[in-house]
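Biologist: I'd like a close look at a single part of this model, please, and I'm only in my first year. Could you take me through how the helices pack around their aromatic rings, step by step?

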Amino acid sequence: MEKGPFSVEWLAQSSRGGAPEMPGTGGARQPPCPSVPADTPRDREAAERRSPGHEAESVGAMPGRARTKFSAAQLQELERSFREQRYIRAGEKRRLAAVLNLSQSQIKTWFQNRRMKFKRQTQDAR
């Protein structure tokens, strides 16, 4: 049986961590990819530049952006806006981002999460 490019056997070998011969490379093997990215000066600088509203997550958490802790004043303004309109308009999103010193994507994500919380609360009340 001819083993074509990316055969089941090739895929099984690659998933076991071996560095199988890449189809069409004439026998050249690809170096294994590191499972954890190297700690670079750029990574350290990015960690040092984090804004005060970003706290480190617990050990063992997936790497990525730290969870934003909103201040009481920010939450009060976001909740007030949510009571008026559950879906935020572009102009209001820009205004809130400027007033609360947050990014527009943080505002958008907060509203998405708040709508889900609202949905859970209304379903639990039934």
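Modeller: Let's start with one word we'll lean on: a residue counts as buried when its relative accessible area is under 20%, and as exposed when that value is over 50%, with partly exposed in between. Keep in mind that this is a predicted model.

With that cut-off, the buried residues of H5 are Gln-106, Ile-107, Trp-110, Phe-111, Arg-114 and Arg-115. What lies over them? The cover on the buried residues of H5 includes H3 and H4.

Before going further in, here's the overall layout. The protein has 5 helices and 0 strands, so to speak an α-α-α-α-α run from the N terminus on. Of its 126 residues, 18% are buried. The exposed surface comes to about 10300 Å², with carbon and sulfur atoms supplying 53% of it. Among contacts with a separation of 6 or more, 29% are between residues 24 or more positions apart.

Now for the helices themselves. H5 has 21 residues, and at 1.5 Å a residue they should span 30 Å; the end C-alpha atoms are 30 Å apart, which agrees. You can run that check on H3 too: its 13 residues should span 18 Å, and its end C-alpha atoms are 19 Å apart, which agrees. In H3, the buried residues are Gln-74, Glu-77, Leu-78, Ser-81 and Phe-82. These cover an arc of only 135° around the axis, which puts them on the same side of H3. Turn to the face pointing away from that buried side and you'll find the exposed residues Ala-72, Ala-73, Gln-76, Arg-83 and Glu-84. On the buried side, the cover includes H4 and H5.

So which residues make up the largest nonpolar core? There are 10 of them: Leu-78, Phe-82, Ile-88, Leu-96, Ala-97, Leu-100, Leu-102, Ile-107, Trp-110 and Phe-111. The elements giving two or more residues to this core are helix H3 (72-84), helix H4 (90-100) and helix H5 (104-124). As a general background, nonpolar side chains in soluble globular proteins tend to be buried together.

Let's zoom in on one core member, Phe-82, which is found in helix H3. Phe-82 is buried, with a relative accessible area of 4%. Setting aside neighbours within four places in sequence, Phe-82 is in contact with Trp-110, Phe-111, Arg-114, Arg-115 and Phe-118. Take Arg-114 from that list: Phe-82 and Arg-114 are 32 residues apart in sequence, yet 8.1 Å apart in space, C-alpha to C-alpha.

Next come the rings. A pair of aromatic rings is described by the distance of the centres and the angle of the planes. The structure holds 4 aromatic pairs. One of them is Phe-82 with Trp-110, an edge-to-face pair at 6.3 Å centre to centre with 85° between the planes. Phe-82 lies in helix H3 and Trp-110 in helix H5, so this pair ties together parts that are 28 residues apart in sequence. Trp-110 is buried as well, since its relative accessible area is 9%.

Phe-82 has another ring partner in Phe-118: the centres are 6.2 Å apart and the planes sit at 65°, so that pair is edge-to-face. The pair links distant parts of the chain, with Phe-82 in helix H3, Phe-118 in helix H5, and their positions 36 residues apart. Is Phe-118 buried, exposed or partly exposed? Phe-118 is partly exposed, because its relative accessible area is 25%. Put the rings together and Phe-82, Trp-110, Phe-111 and Phe-118 form one aromatic cluster.

Last stop: the stretch leading into H5. Asn-101 is found in the loop between H4 and H5. Asn-101 is exposed, with a relative accessible area of 71%. Its phi is near 60°, a positive value in a residue other than glycine. Leu-102, by contrast, belongs to the largest nonpolar core. Not counting residues up to four places away in sequence, Leu-102 touches Phe-70, Gln-74, Ala-97 and Ile-107.

Notes: Residues are numbered from 1 along each chain as its sequence is written. This is a predicted model: local features need pLDDT of at least 70, side-chain atom pairs count only at pLDDT 80 or more; totals for chains, interfaces and linings use all residues. Side-chain values use heavy atoms; hydrogens and water are left out. A nonpolar core is a set of buried Ala, Val, Leu, Ile, Met, Phe, Trp, Tyr and Cys residues joined through side-chain atoms within 4.5 Å. Buried means under 20% relative accessible area, exposed over 50%, partly exposed in between (1.4 Å probe, protein chains only). Helices (H or I, at least four residues) and strands (E, at least two) are DSSP runs, numbered from the N terminus. Contact means heavy atoms within 4.5 Å. The expected span of a helix is 1.5 Å times one less than its number of residues. The arc is that of the directions from the helix axis to the C-beta atoms. Accessible areas come from the Shrake-Rupley method with a 1.4 Å probe; for residues, only the protein chains shown count as cover. Rings of Phe, Tyr and Trp (its six-membered ring) pair if their centres lie within 6.5 Å; planes under 30 degrees apart count as stacked, over 60 as edge-to-face and the rest as tilted.
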